[in-house]
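Here is a tour to follow in the viewer, one selection at a time. Please keep the structure open as you read.

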Amino acid sequence: MKVAIVGAAHPHAAYALDEVAARADLELVAVCEPDEQLRRAYLPENLTAPIYDTAAGLFDAHDVDVALVAGVYGRRGEDTRLALEAGAHVLADKPLCTSLSELDEIAAAAERTGRYVSVVFEKRAYPPTLALRRLLADGVLGELALVASTGPHKLNQSSRPPWFLSRAGYGGIAGDLPVHDIDLVLFLTGATTGSVTAVTGNARRQDHPEFDDHVAVLLQAGEVAATIEANWLSPQAAEVHGHYRMRLTGSEGTAELDWAYNTLTVATHDRAPWQEPLEEARRPAAYFFDALAAGAEPEIGTAASLLATRVALLAQRSADSGGRPEKFGT
């Protein structure tokens with residue numbers, strides 16, 4: 001398969017580079033990133049593939065089977081649409097795009113071309129999540145009722161380019177950080193309908209006046225209620241970049257995932273708390289190329305990628321309107 005990297009504004013450009021290095025059936029044929037500073041930061045020095053300034057220029061010159069979209073957030077919607085219209089499947093870093101109108105264009109292009117769109121929601125494949133999925137399938141927690149998650153991140157402001165701290169370049173925080181946990185709640189519950197409400201704020205306005213740095217989301221996913229907190233306020237001196245955690249409460253027990261420290265703590269009505277054994281970690285994008293090689297749609301498929309992104313963007317619209325609830329699904 002011929003692979004292209006379309007935008008390299010984040011370390012997750014390595015998702016494609018790692019798979020190309022690990023698989024004999026993949027070839028990196030081209031890269032697009034107009035910013036020289038981003039090229040130096042996120043692309044290898046020994047890169048031999050040609051580099052383009054625009055996605056349109058890349059797709060005019062190359063046939064591509066898979067495009068990894070990982071550029072400046074405000075460009076990702078257009079880059080994804082161009083990749084689909086060029087006949088490529090899209091593997092995308094989150095956020096997939098920054099507006100609902102862009103998402104509608106991506107959905108139409110995916111339906112028209114029959115190509116897959118898969119956002120790398122890597123929390124699904126972290127070892128504590130894989131163990132949780134097994135417990136839920138075995139009914140250990142009973143009927144799921146509540147989910148609560150936290151996603152603090154260090155801002156590292158001195159390293160952030162101007163676009164990251166602007167609404168035009170970054171989008172909104174509700175459309176970005178909570179989308180991993182939104183996807184996980186939808187995936188674990190199987191819900192495709194519900195409502196979402198969000199509130200955002202800026203606790204360090206003197207440092208970044210256009211950049212909201214925290215968000216609280218209330219998500220009703222089918223019969224399950226979820227609260228999701230995310231922020232760019234994690235202390236710079238903290239031990240980890242983000243102490244990401246999630247607690248699930250069911251009719252028969254609870255499970256607490258600590259992704260930062262790779263643990264899953266479980267308790268039930270008839271068993272004292274225990275640490276669940278975990279599996280080995282997987283490469284974040286391996287699922288995508290495994291599925292394509294088998295002629296199948298990836299586990300994180302088009303419908304799931306578009307739904308989680310839509311709910312996150314609706315959460316942003318809710319926050320922008322003062323917390324008005326937004327419904328999703330039919």
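At what angle do helix 5 and helix 10 pack, and how far apart are their axes? Select residues 100-113 for helix 5 and residues 302-320 for helix 10: the angle is about 165°, and the axes are 10 Å apart. Helix 5 is therefore roughly antiparallel to helix 10, and the crossing of the two is left-handed. Bear in mind throughout that this is a predicted model.

Next, show the side chains between these two helices. From helix 5, pick Leu-100, Leu-103, Asp-104, Ile-106, Ala-107 and Ala-110; they meet Thr-302, Leu-306, Thr-309, Arg-310, Leu-313, Leu-314 and Arg-317 of helix 10. Coloured by class, the residues of this contact of helix 5 with helix 10 come out as eight nonpolar, two polar and three charged.

Stay with helix 10 and turn to the second largest pocket, whose volume is about 270 Å³. Centre the view on Thr-192, Ala-303, Ala-304, Leu-307 and Ala-308, which are the closest to the pocket centre among the 15 residues that line it. Helix 5, helix 8 and helix 10 each give two or more residues to the lining of the second largest pocket. Helix 10 supplies the largest share of that lining, with six residues. By class, the lining of the second largest pocket holds 10 nonpolar, two polar and three charged residues.

Leu-313, already selected in the contact with helix 5, also leads to the largest cavity, where it is one of the lining residues. To see the rest of that lining, add Pro-95, Cys-97, Thr-98, Tyr-170, Gly-171, Gly-172, Gly-175 and Asp-176. The largest cavity has a volume of about 40 Å³, and its lining divides into four nonpolar, four polar and one charged residue.

Pro-95 deserves a second look. It sits in the loop between strand 5 (89-92) and helix 5. Is the peptide bond from Lys-94 to Pro-95 cis or trans? The bond is cis, with omega near -5°. Most peptide bonds are trans, and most residues other than glycine have a negative phi.

For a backbone exception of the other kind, select Asn-156, in the loop between strand 7 (144-152) and helix 7 (167-170). Asn-156 is not a glycine, yet its phi is positive, at about 50°.

Now move to helix 8, together with helix 6 (residues 127-137): the two pack at an angle of about 25°, with axes 11 Å apart. Helix 6 is therefore roughly parallel to helix 8, and their crossing is right-handed. Display Thr-129, Leu-132, Arg-133 and Leu-136 from helix 6 with Leu-184, Phe-187 and Leu-188 from helix 8 to see the contact. Five nonpolar residues, one polar and one charged make up the contact of helix 6 with helix 8.

The last stop is the largest pocket, with a volume of about 740 Å³. Which residues are the closest to its centre? Select His-10, Pro-11, Arg-160, Trp-232 and His-241, from a lining of 32 residues. The elements giving two or more residues to this lining are helix 2 (36-42), helix 8 (179-189) and strand 10 (224-231). Helix 2 gives the most, with four residues. Coloured by class, the lining of the largest pocket shows 17 nonpolar, eight polar and seven charged residues.

Notes. Residues numbered from 1 in each chain as written. Predicted model: local features only at pLDDT ≥ 70, side-chain atom pairs only at ≥ 80, totals over all residues. Heavy atoms only, no water. Axes fitted to C-alpha atoms, helices over the stretch in contact; angles between N-to-C directions. Parallel < 35°, antiparallel > 145°, perpendicular 65-115°, else oblique. Left-handed = near helix turned anticlockwise from the far one by under 90°. Contact = heavy atoms within 4.5 Å. Nonpolar A, V, L, I, M, F, W, Y, C, P; charged D, E, K, R; others polar. 1 Å grid on protein atoms, 1.4 Å probe; cavity = no way out; pocket = protein on both sides within 12 Å on 5 of 7 lines; lining within 4 Å. Points joined across faces, edges and corners; volume = space filled by probe spheres on them.
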